[in-house]
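Student: Could you take me through one part of this model closely, namely the largest pocket and its lining, and then carry on to the charged pairs and the surface? I would like one connected account rather than a list.

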Amino acid sequence: MRTPARPPLDGLKKRLDQSRAERARMPRDGFLRETFVLPRSDARLKAKEWFERFPKQAYWTEIESWFERPGDLIEFTIRRLPVAD
């Protein structure tokens with residue numbers, strides 16, 4: 001019985017390199033960031049959920065950026081500190 005050949009890892013290597021390059025460009029300021037692309041009503045609910053779960057006064061929660069996309073979609077990034085001080 002023959003051992004199957006190893007699959008090519010070019011795609012994986014390329015994606016890892018891209019991910020590392022993206023991380024290198026991101027500021028290391030201690031904030032956790034998460035990006036969402038949601039319909040407008042869902043985006044409002046998600047932002048409200050974050051502000052309730054991680055209050056601005058304790059976690060410095062902030063909508064860092066937002067863009068209106070075609071089809072009434074909102075792309076936004078929320079940042080917060082990992083722990084409340």
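**The largest pocket and its surroundings**

Tutor: In this predicted model, helix H2 (40-53), strand E2 (62-69) and strand E3 (73-80) each supply at least two residues of the lining of the largest pocket. The volume of that pocket is about 160 Å³, and its lining consists of Arg 40, Ala 43, Arg 44, Ala 47, Ile 63, Trp 66, Ile 74 and Phe 76. The largest share of this lining, four residues, is contributed by H2. In chemical character, the lining residues divide into six that are nonpolar and two that are charged, with no polar residue among them.

Two of the strands that supply this lining, E2 and E3, also take part in charged contacts, and Glu 64 is a good place to begin. The side chain of Glu 64 forms a salt bridge with that of Arg 33, at 2.9 Å from N to O. Because Glu 64 lies in strand E2 and Arg 33 in strand E1, this pair ties together parts that are 31 residues apart in sequence. As for accessibility, Glu 64 counts as partly exposed at 32% relative accessibility, and Arg 33 likewise counts as partly exposed, at 24%.

Glu 64 also meets the side chain of Arg 79 in a salt bridge, with an N to O distance of 3.5 Å. Here the pair links distant parts of the chain, with Arg 79 in strand E3 and Glu 64 in strand E2, 15 residues apart. Arg 79 has a relative accessible area of 17%, and it is therefore classed as buried, the cut-off for that class being under 20%. These contacts belong to a wider arrangement, since Asp 29, Arg 33, Glu 62, Glu 64 and Arg 79 are linked in a network of salt bridges. Over the whole structure, a search finds nine salt bridges.

Helix H1 offers another charged pair to set beside these. The side chains of Asp 17 and Lys 13 meet in a salt bridge at 3.2 Å, N to O. Because Asp 17 and Lys 13 are four residues apart in helix H1, about one helical turn separates them. Asp 17 is partly exposed, at 37% relative accessibility, whereas Lys 13 is exposed, with a relative accessible area of 52%. The general point behind such contacts is that side chains of opposite charge can pair when their charged atoms come close.

Turning to the surface, Leu 9, Leu 12 and Leu 16 make a nonpolar surface patch of about 280 Å². Of these, Leu 16 lies in helix H1, which spans residues 10-25. Leu 16 has a relative accessible area of 39%, so it is classed as partly exposed; patch residues must have over 30% relative accessible area.

Beyond that helix, Arg 28 is found in the loop between H1 and strand E1 (32-39). With a relative accessible area of 83%, Arg 28 is exposed. To place Arg 28 relative to strand E2 (62-69), one can use Ser 65 as a reference: the two residues are 37 apart along the chain, and their C-alpha atoms are separated by 17 Å.

Conventions: Residues numbered from 1 in each chain as written. Predicted model: local features only at pLDDT ≥ 70, side-chain atom pairs only at ≥ 80, totals over all residues. Heavy atoms only, no water. 1 Å grid on protein atoms, 1.4 Å probe; cavity = no way out; pocket = protein on both sides within 12 Å on 5 of 7 lines; lining within 4 Å. Points joined across faces, edges and corners; volume = space filled by probe spheres on them. Nonpolar A, V, L, I, M, F, W, Y, C, P; charged D, E, K, R; others polar. Patch = residues over 30% accessible without salt bridge, like charges linked within 9 Å, V, L, I, M, F, W, Y side chains within 5 Å. Areas by Shrake-Rupley, 256 points an atom, 1.4 Å probe, with all protein chains shown as cover. Salt bridge = Lys/Arg side-chain N within 4 Å of Asp/Glu carboxyl O. Buried < 20%, exposed > 50% of the residue type's maximum accessible area, 1.4 Å probe, protein only.
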